[in-house]
Amino acid sequence: MELHTHSFFSLLRGASEPADLAAEAARLGLTTLALTDTDALTGARRLAQAAREHRLATIYGAELSLDAHGLGAPVVLATSVPGFMLLSEAISQAQLAGDKGSPAYDLEALASAAAAGHWAVLTGCPPYGQDAMADVDELARLLARLQDVFGPVVHAELIDRRLPADSLRNDALFVAARRTGAPVVASTAAHYAAPRQARLSQVLTALRHRENLAEAAGILHAAPTAHLRTGSEMRSWLSRYPGAWESTLELGRRSVVDLDDLRPELPRFPVSDGHDDDSWLRVLAERGMVRRYGSRAQAGDAWRQLDHELSVVKELGLPGYFLIVDDLCRFARESDIWCQGRGSAANSVVCFALGITQVDPVDRGLLFERFLNSERASTPDIDVDFEHRRRDEVFAYAYARYGRDHAARVANIITFRPRLAVRESARAMGYPVAQIDEMTRHIQHHEPPGPDVVLPPEVREMAAQLDGHPRHLGVHSGGLVLTRDKVTRVMPVEWATANGMSVLQGDKEDIDLAGCIKIDLLSLGILSALHDACRLIKAHHGRQFDLATIPPEDPDVYAMITRAETHGTFQIESRATQSILPMLKPTKFADLVVAVSLIRPGPIQGNSVKPFLRRRAGKEMVTYPHPLAERALRRSLGVPLYQEQIMMLAMDCAGVSAGEADRLRKDLSAKHAPEKIAAWRSRLLAGMAERGIPQAAAEEIFHIVEAFSGYGFPESHAASMAHLVYASAWLKFHYPSAFTCALLMNQPMGFYSPLTLIGEARRRGITIRGVDLAASGAQATLEADPASSSGQPAIRLGLASVRTLSPQAAQRIVDARPFTDVDDFARRTRLSARTLEALATAGAFGCFGLSRREALWRAGALAAVDERTLPGAAQASPAPELPALGPIEATFADLWATGASPDTHPVQYLRDHLRAVDAVSAVELRQLADGEPASLGGLVTHRQRPPTAKGTCFLSIEDETGLANVIVPPATWERHRRTATEHAGLLIHGVVERSRGCVNLVARRLEPLKVVVPARRRSTR
């Protein structure tokens, strides 16, 4: 029996995850385990899940930070589900009343909640370094004060960690309890499961106090003893305190809570008179079916699928969920906010009929059970993408419609990643900052340090333990939970790190375990860009398009995609995807679905990519492991690409039910997927044997399933994304100026920088114009260009592209125009000297007849000007004769100020040098023969080392003629890692590789590409 433990959700305090605490408790023979994290119930559902596995009874509580009230850190245990709900609400109120990480509890509110009779209160962990805590009178006063707030449910908590002061304090507390009439119980107040985690606990404590271990010595657990113990150990040391063991057992038994009894419901959705949720959903869905498919007589299969889905939705009690999501999408459409459902919801005819998704699941043959089935234990997800600039309007609508007491954002648990784990481990151990910087200089953010990284052994060991540990709660990208009862009674709410945002104390996994239904209102930049592009087309070309009216299946668009001219398009612009497009040769929408899906870890790990491409090219026969696998694999030529295919394989070949197949799908994507899938082996092989599948074929099918563990990509999601792929490609081909301008308006987004996008547009004959205070909008705009050889409008760069100038400040400039002169501009905008310098460097003052240097000369004086300054009163001293910037200086000025140059590329000024060392340009590289030695120089735009590449690094190199792909084999990477990661420009020597329409340079040697920066530094600042 353990009444008081901390998990790693006692942030920077506890060292063990709830599952580890449960496993250790079971190993020690405990029957009941409490989780009592500091001001949090974050780990409650995870403990419930782990406890079921180990057959443990569970107790839930929290240690409340009441030091400000002189009450220390008492532990409140919920003795019932209503008690849990009251505790959750009390924590929420305190978290929101205080600052992030500093809850402010109201004692009257706590007293009122305690009076309901559903709590038990323990005195909690003793403060560090307070001798008074062994004083009977002081402890009696503490107990009395706690009783004044919480009433007779206060228990004196004896804690023994085998330290010398423990027995003194416990003796004093036992006497004080007798004096005040408080029952006595005992705990370990464990901060970790086992002694081996003690050092990690010390490091976390030091980090919380922003000290190293030596400085924090007085507040650390002095010995590795704050861990779980067996019942016999507890009973033995409690023998000197009569009745304490029996009281502990009695309190534990009556505090056991099963959180399965707390199942939140969705808010009631208002429906038309005479209808309930189910009948109203059918009305709306049938209206949509007529629009999408026609009558029942015209599309019998689709209507039968609708009837099946509606019956499952009704059986699971989810009609209200669909109505709520439909209502949010309706609001977006009426507000002219583009949106589109994605993910597994696209498997549903109901979602398609309602207009939530745009993929026809009947035509695509998608598996509804991937989204929803009658055996599914977890709640479904409907993910909807909205324009990223306007997504918050949809959140605001949800809050307004359902109330903030019934709506809350989902948290994202921010954890230590490898690089930060090394930094913080070294800091805790007292290493100086300069040495820490050197340790971490070559460690990637998401990759553990390799053996070539020199680290002190103790730092490496501690960083490995710290990696993945929670640091704080952030905000999930779009998760929203709606509840009928107050959401704070289901799970506490606290401030997130983002200003003004509050979140539930749980991530999507916790929300699912709690039985909450999550709606993902996601933001997608490409939707904003596509909408902006269509607005620009209407304004400058007089034609109106949206996602539904863009002409489908355009052969010219597919030809462009086949040539891999996809920079800026959605999902198919990466180097890896571009490399397969000439081999894939897409000619229809279904091919785009494949293009979106191929370069994913699942197909790559499952060795599906090359066989698929060979079969598509007719160079390999289409085969199946067994005839029963054909239905699942037919559409992808016998090789698996999608999660739904894995589910269908399990159903058709091994006879698993739809519910089992869904659990298999979840295990494929779980945290410890390989272990979970290994546990399926006997079930699947036995099922295949029953169906007469030979052992060799069964093993091959299981290997297909196993290869997807850890990764999974639903076909429905790929199909949803393919709609946006085609739309972006169509706009790029037919209206390149509008499309590029829209991409620039929505930076940062996508794979490529403005420098690359602008270079691509220039090569297509589009004129790019620089920033101008009289002509530029806040964002990029289009301007007439009668002299254009491309027949396309010119692109004018926006004011917000200038460094330090926010979009809001840029819009204020546009709203304040016109300006009579530079003094008028400075007086009415009141910009800082730093921003004025950036505008001057970008050449934005050219409209006032000032060169860049002249504008820079005046920037300091102009910064002191405001609306109270008389015109002409803040004149800078007369500028000396300042030569105009040369072409190289102007290019570097543009790059510094806006990140791009409207009419040049920095590498073009190095072309003579590159010619001298026999380096070719990116466009010339594409003309060389396979196996020909070549050198290439340019800027590195991307470095990618995906785990599936087995140590190979892929570089994208850009010069004035375009982009080139470079493959750096593992041996070359190891020799030249520092050169490759520390230099923005590289000169690469290697061998040309031509394969099925793709051209790469396989690197053999890398060296820095020296770029000479102009000597007159003022011109670039």
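Start with the whole protein chain coloured by burial: of its 1021 residues, 57% count as buried, and it should be kept in mind throughout that this is a predicted model. Switching to a cartoon view brings up 42 helices and 22 strands in the protein chain. The radius of gyration is 32 Å, close to the 31 Å that the globule rule gives for 1021 residues, so the protein chain is as compact as a globular protein of that length. If you reduce the display to the C-alpha trace and turn it along its principal axes, the span is about 95 × 85 × 65 Å.

Before leaving the overall view, display the contacts and then the surface. Among contacts in the protein chain with a separation of 6 or more, 72% are accounted for by residues 24 or more positions apart. The surface that the protein chain exposes comes to about 41,300 Å², of which carbon and sulfur atoms supply 51%. Selecting the charged residues gives 115 positive and 119 negative charges, and the mean positions of these two sets lie 3 Å apart.

Next, select helix 30, residues 681–690, and show its side chains. Which residues of helix 30 are buried? They are Leu684, Leu685, Gly687 and Met688. Because these residues cover an arc of only 160° around the axis, they sit on the same side of helix 30. An α-helix has 3.6 residues a turn, so residues three or four places apart point the same way. Rotate to the other side of helix 30, where Ser682, Ala689 and Glu690 are exposed.

To see what lies over the buried residues of helix 30, add helix 27 (643–654) and helix 31 (695–707), both of which are included in their cover. Then step past the end of helix 30 to Gly692, a residue that follows the helix and has a positive phi, near 80°.

For the last stop, select Lys100, which is found in the loop between helix 3 (81–97) and helix 4 (107–114). Is Lys100 buried, exposed or partly exposed? Its relative accessible area is 33%, so Lys100 is partly exposed. Now show what surrounds this side of the loop: leaving aside neighbours within four places in sequence, Lys100 is in contact with Leu473, Glu494, Trp495, Ala496 and Thr497. Finally, draw a distance from the C-alpha atom of Lys100 to that of Ile795, a residue 695 places away along the chain, and the separation between the two atoms is 44 Å.

Definitions and conventions:
Residues numbered from 1 in each chain as written. Predicted model: local features only at pLDDT ≥ 70, side-chain atom pairs only at ≥ 80, totals over all residues. Heavy atoms only, no water. Helix = DSSP H or I, 4+ residues; strand = E, 2+ residues; numbered from the N terminus. Rg over C-alpha atoms; globule rule 2.2 N^0.38 Å. Buried < 20%, exposed > 50% of the residue type's maximum accessible area, 1.4 Å probe, protein only. Contact = heavy atoms within 4.5 Å. Areas by Shrake-Rupley, 256 points an atom, 1.4 Å probe, with all protein chains shown as cover. Lys, Arg positive; Asp, Glu negative; His and termini not counted. Charge placed at Lys NZ, Arg CZ, Asp CG, Glu CD. Arc of directions from axis to C-beta.
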